[in-house]
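Please look over the fold below, strand by strand and helix by helix. The report starts with the sheet and ends in the loops.

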Amino acid sequence: DEHLGDIALVVDMSTSMDRLTPDGIAKKQAVLEAARTFVGRLDLTPNELSQSDQVAVVGFNDRAWLEQALTADGQPIAAALDRLVAGQASGTRLDLAFMARHAALDPSLCRPANKPVIILLTDGVPNGVPADPATGRSDDTVVAAAGRAKGQGVTVYTIGFGTTDESADPADRVNAELLARCATDAGKAYIDPRADRLLEIYSQIADVFTCPPRNWP
């Protein structure tokens, strides 16, 4: 029994993505290369039942936008990834990034046999997120947005493309605890600042889709 995915690639396009990784590659270059590799490993060619994986592309910073609606056509997916950098701006609205699932995982485009999935990558801590009215914490606003997605059956992976070292430049730090709370489980939250490791992380997630049996939670 093959399980396929409707996958929203949600990518941070804040200005800090211009910064270099510890191994000397621009973050945005590393992210887009890893995302292209990930898409290349999916089953976008329909099987005998006309079923396949589908991908949507979302960018976010002080806003979140749908760059490409769900499709199984690799060409517009690749073109959308290339266009993301044109939307770079300041801000890291992780709450809006999770809320963008409404557009990215449009029910009219989702396939009944496919599992809805978000793979969110950020290179920083939340910035510009309004405080939760009950707790006064912006982190709780982000967790609530992720929780609404998970409550609707979406599997959430989070990738922190940065360091948890508090002595590092704030522009390179990520909040590992927050990203673990947002993910479906702690095993679906990844933290690493290196470009070569990012490629491995996306490949590891792709293995869930490409190595039968597909063991969904």
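The following text covers the sheet, its helices and some loop residues.

This is a predicted model, in which local features need pLDDT of at least 70, side-chain atom pairs count only at pLDDT 80 or more, and totals for chains, interfaces and linings use all residues. Residues are numbered from 1 along each chain as its sequence is written, and side-chain values use heavy atoms, with hydrogens and water left out.

## The sheet

Helices (H or I, at least four residues) and strands (E, at least two) are DSSP runs, numbered from the N terminus. Two strands pair if DSSP finds at least two bridges between them. Six strands form an open sheet in the order 3-2-1-4-5-6, and the pairing is mixed. Strand 3 (64-71) and strand 6 (189-191) are at the edges; each has a single partner strand, so one side of each lacks a neighbour in the sheet. From one strand to the next, the twist averages 15 degrees.

Strand 1 (residues 4-12) has strand 4 as a parallel partner, over eight bridges. Strand 1 also runs parallel to strand 2 (residues 54-60), joined by seven bridges. The table lists some opposed residues.

| Residue in strand 1 | Opposite residue | Strand of the opposite residue |
|---|---|---|
| Asp-6 | Gln-54 | strand 2 |
| Ala-8 | Ile-118 | strand 4 |
| Leu-9 | Val-57 | strand 2 |
| Asp-12 | Phe-60 | strand 2 |

How many residues of strand 1 are buried? Nine of its nine are, where buried means under 20% relative accessible area, exposed over 50% and partly exposed in between (1.4 Å probe, protein chains only). In a regular strand the side chains alternate between the two faces of the sheet. Leu-4, Asp-6, Ala-8, Val-10 and Asp-12 point one way from strand 1, while Gly-5, Ile-7, Leu-9 and Val-11 point the other way. Both sets are buried.

Strand 2 is mostly covered too, with seven of its seven residues buried. On one side are Gln-54, Ala-56, Val-58 and Phe-60. On the other are Val-55, Val-57 and Gly-59.

## Helices

Helix 1 (residues 27-40) packs with helix 2 (74-83) at an angle of about 170 degrees, their axes 10 Å apart. Axes are lines fitted to C-alpha atoms, for helices over the stretch in contact, and angles run from 0 to 180 degrees between N-to-C directions. Helix 1 and helix 2 are therefore roughly antiparallel (an angle over 145 degrees; under 35 is roughly parallel, 65 to 115 roughly perpendicular and the rest oblique). Leu-32, Ala-35, Arg-36 and Val-39 of helix 1 make the contact with Ile-77, Leu-81 and Asp-82 of helix 2. Contact means heavy atoms within 4.5 Å. By class, this contact has five nonpolar, no polar and two charged residues. Here Ala, Val, Leu, Ile, Met, Phe, Trp, Tyr, Cys and Pro count as nonpolar, Asp, Glu, Lys and Arg as charged, and the others, Gly among them, as polar.

Helix 2 also packs on the sheet, where it touches strand 2 and strand 3. Its direction makes about 170 degrees with that of strand 3.

Helix 5 (residues 138-151) has 14 residues. At 1.5 Å times one less than that number, the expected span is 20 Å, and the end C-alpha atoms are 20 Å apart, which agrees. Its buried residues are Asp-139, Asp-140, Thr-141, Val-142, Val-143, Ala-145, Ala-146 and Ala-149. They pack against helix 3, helix 4 (101-104), strand 4 (114-122) and helix 6 (176-182). Just after helix 5, Gly-153 has a positive phi of about 85 degrees.

## Loop residues

Arg-93 and Val-85 share a loop, between helix 2 and helix 3 (94-99). Is Arg-93 buried or exposed? Arg-93 counts as buried, because its relative accessibility is 17%. Leaving aside neighbours within four places in sequence, Arg-93 is in contact with Phe-60, Asn-61, Asp-62, Asn-127, Gly-128, Val-129 and Pro-130.

Val-85 counts as partly exposed, at 30% relative accessibility. With neighbours within four places in sequence left aside, its contacts are Met-13, Lys-28 and Leu-32. The C-alpha atoms of Val-85 and Asp-18 are 9.7 Å apart, across 67 residues of chain.

Ser-50 sits in the loop between helix 1 and strand 2. Ser-50 is exposed, with a relative accessible area of 54%. Most residues other than glycine have a negative phi. The phi of Ser-50 is positive, near 60 degrees.
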